[in-house]
Amino acid sequence: MINLSRIIFIDHHAHCLLNDFSQLDAIGFRQAFSETNSLSMLQLHVQHSMHYMHMLRELSEYLDIEADEEKILEMRSRLGKTDYVQMLFDDASIGACIIDAGFRKEDMLSLEKLSLVCGRPIYQCLRIESVIEDCLKNANSFEDMQADFAEALINPGGPKVVAFKTIAAYRGGLEIVSVDVNVARTNFTELKTLTKEAGAVRITKSPLYHFLLSEAFEIAQTQNVPVQIHCGLGDADGDLRETNPWCFRTILERRKFSKVNFVFLHCYPYVREAALLASLYSNVYIDLSLALSLISPQAATLFADALSVAPSTKILVATDGHSVPETYWYASHSARRALSSVLSFLIGNGYVNENQAMEIADRLFHKNAQNLYRLSDI
Ligand SMILES: [Zn+2]
């Protein structure tokens, strides 16, 4: 078996740690390993999922204690926060992370704190929907909104921005339509009224939203940053049928966006579909994050599907780690195990030699991310 255990990993898609990540009870801890919104799922079923059982076994072996959830929780609550996170990140050979800070922002560490706690460079990925919702609160005219939106994407403050991200998949679907500026202007007035009444608006499929998404893609091109596209699993709010990356094809077919790099995140269960797009369009990339932990028994199959269809220069590895450090750690090990198994199969069957297999692993774990996000400083 080819050994990938020490290969440096640039985690190009993850989220923050919870402020109180070390003090969680069983329900809170399980929540980090499931997408369910159901309390009874967390109480009765999640702990019997294959990936969760395996994660506990691996963690108990690493911490050298019994594979018992209660004992593990008790032990992690006693360890120093920073030491514990850095121990897990060192063991997972994580070198740097690109963080989408738009998820459960109020409960999470700031990006600056995260960088201190994990002892790694942290880069920022801006969630387009959060920027739209913030701008809607403050802008008093459509023209202000457009200017504020562009300014917030170009000069947001905080760590260096290396990517934008959209969660359109679960805000009405990946079918993004072209919108006339006058239609967007009228819709601004309607949404502004709603924002004033409710204090805030959760942006979903609407003319203004799709108009601004197109603007964000154009800004991404001028700023030379890729746009990450959530697709497939990853949010219980989403209608899975609308998260198929092929729904995004109208954008990929528009010449206007042919120089914008798009990265399909997660992809499961549409890994083959996403890989096919990555094999067709030079500006499309994919990853398997989240599936590497939530569907871990099948992780090798997912890599095999992706590598069988898309060139290895188009596939990236990420953890989609969030909330607790064990999510980054488990997904990272899952990725190494799975890719090692697939590359060993490819070597054994004469597709590549060992040197080529190591080059592929280097690409997936860090080189593709370094090139795509222009991370020349690490
Ligand atoms: Zn994510």
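**Strands around β2 and a pair of helices**

In this predicted model, strand β2 and strand β3, the latter made of residues 122-127, run alongside each other in the parallel sense and are joined over four bridges. Within this pairing, Cys97 stands opposite Ile122 of β3. To pass from β2 to β3, the chain travels through helix α6, which covers residues 111-118, and the β-α-β crossover made in this way is right-handed.

Strand β2 also pairs with strand β1, which spans residues 9-14, and here too the sense is parallel, with four bridges between the two strands. Cys97 appears again in this second pairing, since it is the residue of β2 that serves as the bridge partner of Asp11. As for its surroundings, β2 itself, formed by residues 94-100, is mostly covered, with six of its seven residues counted as buried.

Turning from the strands to the helices, one can follow helix α3, residues 50-63, to the place where it packs against helix α4, residues 69-78, at an angle of about 50°, the two axes lying 11 Å apart. Because an angle of this kind is neither under 35 degrees nor within the range of 65 to 115, α3 is described as oblique to α4. The crossing that these two helices make is left-handed. On the α3 side, the residues that take part in the contact are Leu56, Leu59, Ser60 and Leu63, and in α4 they meet Glu69, Ile72 and Met75.

Definitions and conventions. Residues are numbered from 1 along each chain as its sequence is written. This is a predicted model: local features need pLDDT of at least 70, side-chain atom pairs count only at pLDDT 80 or more; totals for chains, interfaces and linings use all residues. A residue is buried if 20 or more other C-beta atoms lie within 10 Å of its own, exposed if 12 or fewer, and partly exposed in between; C-beta atoms are placed from the backbone. Two strands pair if DSSP finds at least two bridges between them. A crossover is right-handed if, with the strands pointing away from the viewer, the path from the first strand over the helix to the second runs clockwise. Axes are lines fitted to C-alpha atoms, for helices over the stretch in contact, and angles run from 0 to 180 degrees between N-to-C directions. Angles under 35 degrees count as roughly parallel, over 145 as roughly antiparallel, 65 to 115 as roughly perpendicular and the rest as oblique. A crossing is left-handed if the near helix is turned anticlockwise from the far one by less than a right angle, and right-handed if clockwise. Two residues are in contact if their C-beta atoms, placed from the backbone, lie within 7 Å.
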